[in-house]
Amino acid sequence: MTAIIQAALPVPLARVFDYDHTSALPAGVRVRVPFGRRQLVGVVTGTTTTADERFQRKPITAVLDTEPLWPTPLWELLLWAADYYHHPLGEVIHHAMPVLLRQGEPANYQATIRYELTAAGRQVQLTDVKRAMQQQRLLAALQHAPLLSRDIRLHEYSSSALKALQDKGWVAAIEHHPAPAQSWQLEVAAEPLQLNPEQALAVAAISAVNDHQTFLLEGVTGSGKTEVYLQVMAEVLRRGQQVLVLVPEIGLTPQTLKRFQERFAVPIVMLHSALTDRERLDAWLDARGGHAAIIIGTRSAIFTPCKALGMIIVDEEHDASLKQQDGFRYHARDLAVKRGYEEGVPVVLGSATPSFETLNNALNQRYAHLQLRRRAGQAKPVQQVLLDIKNQQLKAGLSTPLLKLMGEHLAAGQQVLLFLNRRGYAPALLCHECGWLAQCQRCDAYYTVHQGSRQLLCHHCGAQQPLTPQCGDCGSTQLIGRGVGTEQLEQVLQAEFPDYKVLRIDRDSTRRKGSLQRHLQDAHDHKYSILVGTQMLAKGHHFPDVTLVALLDVDGALYSSDFRAAERLGQLYTQVAGRSGRASKAGTVVIQTHHPEHELIQDLIHNGYHHFSTTALLERQLTQLPPFSYQALFRAEATHASSAIEALMAIAALFPQRDDMIVFGPIPAVMERRAGRYRYQLLLQTTQRGLRAQALRYVVPQLEQLPQLRKVRWSLDVDPQDFS
Ligand code: ADP
Ligand code: ZN
Ligand code: ZN
């Protein structure tokens with residue numbers, strides 16, 4: 001008897017594929033199957049009796065697992081995510097697997113081979129092989145101790161010598177399976193802090209819940225959110241359950257790990273980009289087997305299976321890096337909440353600056369709202385300074401009052417931190433005689449001047465060319481950089497404050513592996529007095545000696561076409577302000593702007609993020625923007641604008657016309673042309689979440705048939721975060 005097995009495959013088609021097999025297989029088991037002329041690793045989604053008879057079925061080549069890879073709640077989450085994001089299930093599942101599992105490797109810890117002397121081998125004298133130097137060396141090593149295949153020392157010996165000794169029967173290769181790490185028990189390494197009343201309330205509220213409940217822990221920077229995490233985690237770990245912690249990309253620092261390790265003597269796995277594929281699989285197995293007590297990782301860690309999950313924590317839940325911006329465009333925070341529901345465990349979303357989506361859920365009581373309003377320990381509130389730079393003389397974007405303030409803080413032995421979200425020397429190269437601007441040929445964008453590498457660089461497509469000495473139009477050599485980037489700022493500051501060392505932290509200065517960590521450590525250790533950086537510096541780093549922080553240019557965000565620009569500015573300002581005066585030193589935060597009267601800025605400064613965000617949320621409600629409506633964005637790009645437009649028009653035509661559903665576009669993206677391709681967008685917006693799902697469920701399956709889509713690169717983004 002044969003069964004018809006349905007398998008999800010890593011192909012961009014929104015369907016499963018039928019194969020024959022001798023028996024039924026459980027969902028979640030990997031199979032190797034023929035697909036066209038290739039062999040693919042797919043995952044069984046079910047067994048059916050009603051096959052699609054249009055296709056000729058082939059047999060499964062191999063079954064790769066004896067049991068499903070994912071526990072039921074996580075498997076349910078994957079199915080849900082494919083449906084919610086209208087993304088092919090095969091790609092969703094593929095994304096959720098460690099690379100080695102995608103490639104069909106066994107879901108086991110690697111077997112290591114142990115090379116050791118046989119009884120015969122132990123009788124051999126080194127002089128017996130004196131004519132074979134390589135064999136003699138290896139024999140000597142093995143007489144000393146056996147060698148493991150994963151031991152790097154093995155590379156010092158020739159593999160043919162090893163083979164020769166095995167052929168002579170002197171050396172045996174014995175497969176050696178490392179036992180999985182033992183079970184663990186909570187041991188508290190360092191004593192918890194004495195909680196302040198707000199912290200105690202938060203810990204009590206979260207610890208009282210044994211089932212699913214989402215909490216928003218809204219706590220100003222330095223209010224001790226991490227201490228709250230640690231104390232609620234202790235309860236979960238004490239019960240023998242695991243905790244999954246999601247952190248922003250950049251927050252995944254050794255300091256984070258250290259804080260957890262100092263508190264808990266339990267196995268902690270950290271999923272970060274520097275892991276090898278093998279290490280990643282081992283960590284995945286540790287989590288699935290229950291051998292790891294705490295699992296810390298960036299967004300994709302949300303797909304880590306856990307044997308006994310007890311809690312999910314999402315730190316900095318507002319952070320943009322939680323949203324995947326290409327391929328399978330999921331939001332890890334939203335999946336965390338859904339996973340918590342499937343697993344029946346509490347979810348804690350922590351932030352000093354909650355996203356408006358989360359805040360709204362807290363205000364309408366879908367989430368429990370916990371607030372920490374005061375800075376923990378000794379920290380004092382910061383002093384805020386608004387500098388009007390209208391008609392002011394600026395030196396590389398720095399006003400005279402700011403330079404004076406810097407001088408005072410530096411003279412007092414403190415550190416100063418400056419933010420400018422523009423890397424490079426100058427954002428454009430301008431001809432002083434004719435007004436020509438050096439423009440990227442492939443994008444609607446100007447080249448950025450990079451003085452250090454003497455290059456013009458397009459930050460949108462990566463195009464580069466040597467820094468030209470002459471105008472491309474009139475031939476004049478009067479070329480000047482227009483505007484200021486971090487590279488120029490660093491140079492000017494060094495000249496302005498020759499007695500103090502300047503450190504720049506941006507994507508250019510941290511390209512080499514490990515250099516970001518080193519820079520952050522140096523900044524922390526006060527090896528530099530002036531720190532200059534892009535947004536990179538705003539997240540989660542503690543610099544105890546920084547007492548002055550300045551945002552040099554916020555005006556762009558005040559008049560942006562992106563409805564989330566105000567929210568992001570509020571978050572940036574608040575996070576940045578939190579970098580200053582953390583320990584016992586009073587801090588100052590400065591904003592330079594041409595629009596000091598702007599109500600956003602006024603609200604932020606006088607009333608703080610919580611007030612600012614609740615007010616801005618009301619405005620979203622009035623204008624029916626998310627989270628008060630539900631969006632999905634189709635993007636299309638092509639070498640001809642007309643192809644992209646026609647593709648989106650064909651999609652738009654599939655949507656029924658309704659009063660409670662807007663289909664807007666096609667409109668050009670903010671940057672209409674990038675890397676030589678024209679980019680257009682079509683926005684779907686509904687007043688009900690269910691209506692969006694219903695509309696997409698009707699439209700998306702038809703897209704495969706649209707001939708207009710074959711000529712373009714297109715994608716669908718459900719809950720888009722960014723419209724660039
Ligand atoms: P957040 O995560 O909210 O930014 P942290 O948890 O990093 O804040 O806490 C900021 C500082 O305050 C840390 O140095 C921490 O050790 C200290 N801290 C936190 N809670 C307390 C407390 N209850 N008593 C004393 N110090 C505390
Ligand atoms: Zn010119
Ligand atoms: Zn370009």
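Q: Which residues in α18 do Ala566, Glu567, Leu569, Gly570, Gln571, Tyr573 and Thr574 in α17 meet?
A: In this predicted model, helix α17 spans residues 565-577 and helix α18 spans residues 599-622, and the two pack at an angle of about 145° with their axes 10 Å apart. α17 passes α18 in a left-handed crossing, and the residues of this contact divide into eight nonpolar, three polar and two charged. On the α18 side, the residues met by those of α17 are Leu600, Leu604, Ile605, Tyr609, Phe612 and Arg620.

Q: Which element gives the most to the largest nonpolar core?
A: The largest nonpolar core has 115 residues, and those with the most contacts inside it are Trp70 and Ile651. Leaving aside residues up to four places away in sequence, Trp70 touches Gly28, Val43, Trp75, Leu78, Ile93, Ala96, Met97, Trp284 and Phe303. A second, separate core of 34 residues includes Leu257, Phe260, Ile294 and Leu370. The element that gives the most to the largest core, with eight residues, is α18.

Q: Which are the edge strands of the open sheet of three strands?
A: The order in this open sheet is β8-β7-β9, and the pairing is antiparallel. Two bridges join β7 (residues 112-117) to β8, where Tyr115 stands opposite Leu147. The strands that pair on one side only, and are therefore the edges, are β8 (147-148) and β9 (171-176).

Q: Which helix lies across β7, β8 and β9?
A: Helix α6 (residues 159-167) lies across β7 and β9, running at about 100° to β9. The helix that lies across β7, β8 and β9, running at about 95° to β7, comprises residues 133-144 and is α5.

Technical notes:
Residues are numbered from 1 along each chain as its sequence is written. Chains are lettered from A and ligands numbered from 1 in the order in which they are written. This is a predicted model: local features need pLDDT of at least 70, side-chain atom pairs count only at pLDDT 80 or more; totals for chains, interfaces and linings use all residues. Side-chain values use heavy atoms; hydrogens and water are left out. Axes are lines fitted to C-alpha atoms, for helices over the stretch in contact, and angles run from 0 to 180 degrees between N-to-C directions. Helices (H or I, at least four residues) and strands (E, at least two) are DSSP runs, numbered from the N terminus. A crossing is left-handed if the near helix is turned anticlockwise from the far one by less than a right angle, and right-handed if clockwise. Contact means heavy atoms within 4.5 Å. Ala, Val, Leu, Ile, Met, Phe, Trp, Tyr, Cys and Pro count as nonpolar, Asp, Glu, Lys and Arg as charged, and the others, Gly among them, as polar. A nonpolar core is a set of buried Ala, Val, Leu, Ile, Met, Phe, Trp, Tyr and Cys residues joined through side-chain atoms within 4.5 Å. Buried means under 20% relative accessible area, exposed over 50%, partly exposed in between (1.4 Å probe, protein chains only).
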